[in-house]
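Got the model loaded and a cursor ready? Here's a short tour, stop by stop.

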Amino acid sequence: MDISKLHFVQPEFAKHAQAVLDFRRKFNAVNPELHGASELNAFSDSGIIGWFHYLNAPAGSNWFGYAKVADSTYLAMLDEVVVGIVNIRHELNDFLLQFGGHVGYSTHPDYQGRGIATAMLRFAVARLNELGVNRILITCDEHNIGSQLVISKNGGVLENTLAHPSNAGKKRRRYWIGNEN
């Protein structure tokens, strides 16, 4: 696998629906929590077009009981294979400020440990910087050593660890990348 061929595209139904479904099936076979995929698991295979509509819904839209923030979602692609999904939140609401951060991402299980997540976070930081966001919050579960390493490789500095409001046994580590300028 040549990671230099990794490229990022915004999802288009006609071009990417099957590749996104393949990614989700493979990911969910090993982990039911698909982070950073813009609610992909909320849509059935037959209703996957709804996910593409959701991606393009404006900030403030309420599809899942909360107002969507301004965001962008990208597919990390190697050839025609979706090897990762990254969601970049241009702004933070109260929940994201505590537990979600500016960036969420998931890597295809067959491609984990190969630098994909590190490249996705690097891409997300660059996109946020282009949007004028220079202090970027990234969070991960307390026991997710892989994400902790990815965040550190991208310059993340741990601020604190907080108990999750809906699951007291689950804790989130909060990291910041960059400076507030």
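What follows is a list of selections to make, with a note on what sits at each.

Before you click: this is a predicted model, where local features need pLDDT of at least 70, side-chain atom pairs count only at pLDDT 80 or more, and totals for chains, interfaces and linings use all residues. Residues are numbered from 1 along each chain as its sequence is written, and side-chain values use heavy atoms, with hydrogens and water left out.

**Stop 1: alanine 70.** Select alanine 70, in the loop between helix H2 (49-55) and strand E2 (71-78). Helices (H or I, at least four residues) and strands (E, at least two) are DSSP runs, numbered from the N terminus. Now add arginine 89: it's 19 residues away in sequence, yet the C-alpha atoms are 6.1 Å apart. Alanine 70 also touches Ala59, Ile88, His90 and Glu91, among residues beyond four places away in sequence; contact means heavy atoms within 4.5 Å.

**Stop 2: serine 72.** Step into strand E2 and pick serine 72. Is serine 72 buried or exposed? It's buried, at 10% relative accessible area (buried is under 20%, exposed over 50%, partly exposed in between, using a 1.4 Å probe and protein chains only). Show histidine 90 too: its side chain makes a polar contact with that of serine 72 at 2.7 Å. Such a contact is a pair of N or O atoms within 3.5 Å; within protein, one must be able to donate a hydrogen and the other to accept it, and residues adjacent in sequence count only if both atoms are side-chain atoms.

**Stop 3: arginine 25.** Turn on side chains here for salt bridges, meaning a Lys or Arg side-chain nitrogen within 4 Å of an Asp or Glu carboxyl oxygen. The count comes to 11. Arginine 25 pairs with aspartate 22 at 3.3 Å; being three residues apart in helix H1 (residues 13-30), the two are separated by about one helical turn. Arginine 25 also bridges to aspartate 45, at 2.8 Å. Aspartate 45 is in the loop between H1 and H2, so this pair ties together parts 20 residues apart in sequence.

**Stop 4: aspartate 141 and arginine 172.** Select both to see a salt bridge at 2.6 Å, N to O. Aspartate 141 is in strand E5 (residues 135-141) and arginine 172 in strand E7 (residues 167-178), so the bridge ties together parts 31 residues apart in sequence. Aspartate 141 counts as buried at 18% relative accessibility, and arginine 172 counts as buried at 11%.

**Last stop: glycine 132.** Just after H4, glycine 132 takes a positive phi of about 90°.
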